[in-house]
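Here are a few exercises to work through with the model open beside you. Try each one on your own before you read the solution.

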Amino acid sequence: MADQVTIGLIQASHNVHGDEPVEVHKEKAIEKHVKLVKEAKDRGAQIICLQEIFYGPYFCAEQNTKWYEAAEEIPNGPTTKMFQEIAKQLGVVIVLPIYEREGIATYYNTAAVIDADGTYLGKYRKQHIPHVGVGNEGCGFWEKFYFKPGNLGYPVFDTAFAKIGVYICYDRHFPEGARILGLKGAEIVFNPSATVAGLSEYLWKLEQPAHAVANGYYVAAINRVGYEAPWNMGEFYGQSYLVDPRGNFVAMGSRDQDEVVIGVMNKKMIREVRDTWQFYRDRRPETYSEMTALLP
């Protein structure tokens, strides 16, 4: 595989009012994102990542069983199948974050990983599930109403262009999984998110560059943009970015525009950084057992 790989990150607004039926949300959002995926390909992207639960609003702003209808099986659901065909047609790897249903009524916040020949490689289920109020009138990140914690560990996927890991939104506040992905050989970790100003923005450009430096890999952070009615719990502030293993921002999106953010990762830099900073060699896992104890 070539040292240089072009990464495409898609950030987008969702302008369908939350009172509309679930199928309307999915239809409009998928239509928008298919166009953006094709634009990313036209601009040279080889690996493309969409935002968290891309095919609708961030419905976790409320607690409403209506949104269970948005969940699909992975890989047998229609959206995964559609994007497998798109990946094959375009010759791109796609990280596809959607709402997953397993069995009759078990739900996860998941990202499917599709290789450049359309092969479904597997999925990552979000491990850390927030449940916190934000803004006014009972809005919040009420994710425990919608998702069980992930149970598939921290897989790394060997794609046509790079070895990739996935972390989803709130996961980024936990360094342990980020380290595991590095130990498993990830060259780039994608973090599709939905996060608003006033809560997390001061951490947005701090935590994930730190993960990149501590683990010697690239991190791609994706955030949606705009306000979503009727909740309007805050501004999704965009600024999707690619950061390198030295903590430098390679590419960054705007705060408020639908766009494809394009950046190039260089695997040679990963090797150079790891040869300089021997964090994996010098770590002391035999001294870390207290981390798994039930401490306050």
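**Exercise 1. Find where Trp277 sits in this predicted model, and decide whether it is buried or exposed.**

Step 1. Start with the chain. Trp277 is in the loop that runs between helix H6 (267–276) and helix H7 (279–282).

Step 2. Now check its accessibility. The relative accessibility of Trp277 is 53%. Exposed means over 50%, so Trp277 counts as exposed.

Step 3. Look at who shares the surface with it. Val213, Trp277 and Phe279 make a nonpolar surface patch of about 290 Å².

**Exercise 2. Work out what lines the largest pocket, and which helix gives the largest share of the lining.**

Step 1. Get the volume: the largest pocket comes to about 260 Å³.

Step 2. Go through the lining. Pro175, Glu176, Arg179, Ile180, Leu183, Ala210, His211, Ala214, Asn215, Arg283, Tyr288 and Met291 make it up.

Step 3. Sort these by element. Helix H3 (175–183) and helix H5 (207–215) each bring at least two residues. H3 has the largest share, with 5 residues.

Step 4. Sort them by class. The lining of the largest pocket splits into 7 nonpolar, 2 polar and 3 charged residues.

**Exercise 3. Describe the second largest pocket by volume and by the classes of its lining residues.**

Step 1. The volume of the second largest pocket is about 180 Å³.

Step 2. To find its centre, look for Pro130, Phe141, Tyr170, His173 and Leu199, which are the closest to it among the 14 lining residues.

Step 3. By class, the second largest pocket is lined by 7 nonpolar, 4 polar and 3 charged residues.

**Exercise 4. Take the salt bridge between Asp3 and Arg271, and work out which parts of the chain it links.**

Step 1. Here's the idea behind such pairs: side chains of opposite charge can pair when their charged atoms come close.

Step 2. Check the distance. The closest N and O atoms of Asp3 and Arg271 are 3.3 Å apart, and the cut-off for a salt bridge is within 4 Å.

Step 3. Place both ends. Asp3 is in the segment before strand S1 (4–11), while Arg271 belongs to helix H6. The two are 268 residues apart, so this pair links distant parts of the chain.

Step 4. Check how covered they are. Asp3 has 31% relative accessibility, so it counts as partly exposed. Arg271 is partly exposed too, at 43%.

**Exercise 5. Look at the pairs Glu228–Arg224 and Arg284–Glu286, and say for each residue whether it is buried, partly exposed or exposed.**

Step 1. Begin with Glu228 and Arg224. Their closest N and O atoms are 2.7 Å apart in a salt bridge, and both residues are buried.

Step 2. Move on to Arg284 and Glu286. Their salt bridge has its closest N and O atoms 2.5 Å apart.

Step 3. Arg284 has a relative accessible area of 44%, so it is partly exposed. Glu286 reaches 53%, so it counts as exposed.

Step 4. Widen the view. The whole structure has 16 salt bridges, and Glu100, Glu102, Lys123 and Arg125 are joined in a network of them.

**Exercise 6. Find how many cavities of 30 Å³ or more there are, and list the residues that line each one.**

Step 1. The count is 2.

Step 2. Take the largest cavity, which holds about 40 Å³ of space. Tyr58, Ala61, Glu228, Trp231, Asn232, Met233, Gly234 and Phe236 line it. That lining has 5 nonpolar, 2 polar and 1 charged residues. Glu228 is in this list, and you'll remember Glu228 from its salt bridge with Arg224.

Step 3. Next comes the second largest cavity, with about 30 Å³. Its lining is Tyr167, Ala178, Val189, Asn191, Gln208, His211, Tyr217 and Val219. Strand S10 (188–193) and H5 are the elements that give two or more residues to it. By class, the second largest cavity has 5 nonpolar, 3 polar and no charged residues in its lining.

**Exercise 7. List the buried residues of H5, and see what comes just after this helix.**

Step 1. The buried residues of H5 are Glu207, Gln208, Pro209, His211, Ala212 and Asn215.

Step 2. Connect this with the earlier exercises. His211 lines the largest pocket, and His211 also lines the second largest cavity.

Step 3. Step past the end of H5: there Gly216 has a positive phi of about 65°.

Conventions. Residues numbered from 1 in each chain as written. Predicted model: local features only at pLDDT ≥ 70, side-chain atom pairs only at ≥ 80, totals over all residues. Heavy atoms only, no water. Patch = residues over 30% accessible without salt bridge, like charges linked within 9 Å, V, L, I, M, F, W, Y side chains within 5 Å. Areas by Shrake-Rupley, 256 points an atom, 1.4 Å probe, with all protein chains shown as cover. Salt bridge = Lys/Arg side-chain N within 4 Å of Asp/Glu carboxyl O. Helix = DSSP H or I, 4+ residues; strand = E, 2+ residues; numbered from the N terminus. Buried < 20%, exposed > 50% of the residue type's maximum accessible area, 1.4 Å probe, protein only. 1 Å grid on protein atoms, 1.4 Å probe; cavity = no way out; pocket = protein on both sides within 12 Å on 5 of 7 lines; lining within 4 Å. Points joined across faces, edges and corners; volume = space filled by probe spheres on them. Nonpolar A, V, L, I, M, F, W, Y, C, P; charged D, E, K, R; others polar.
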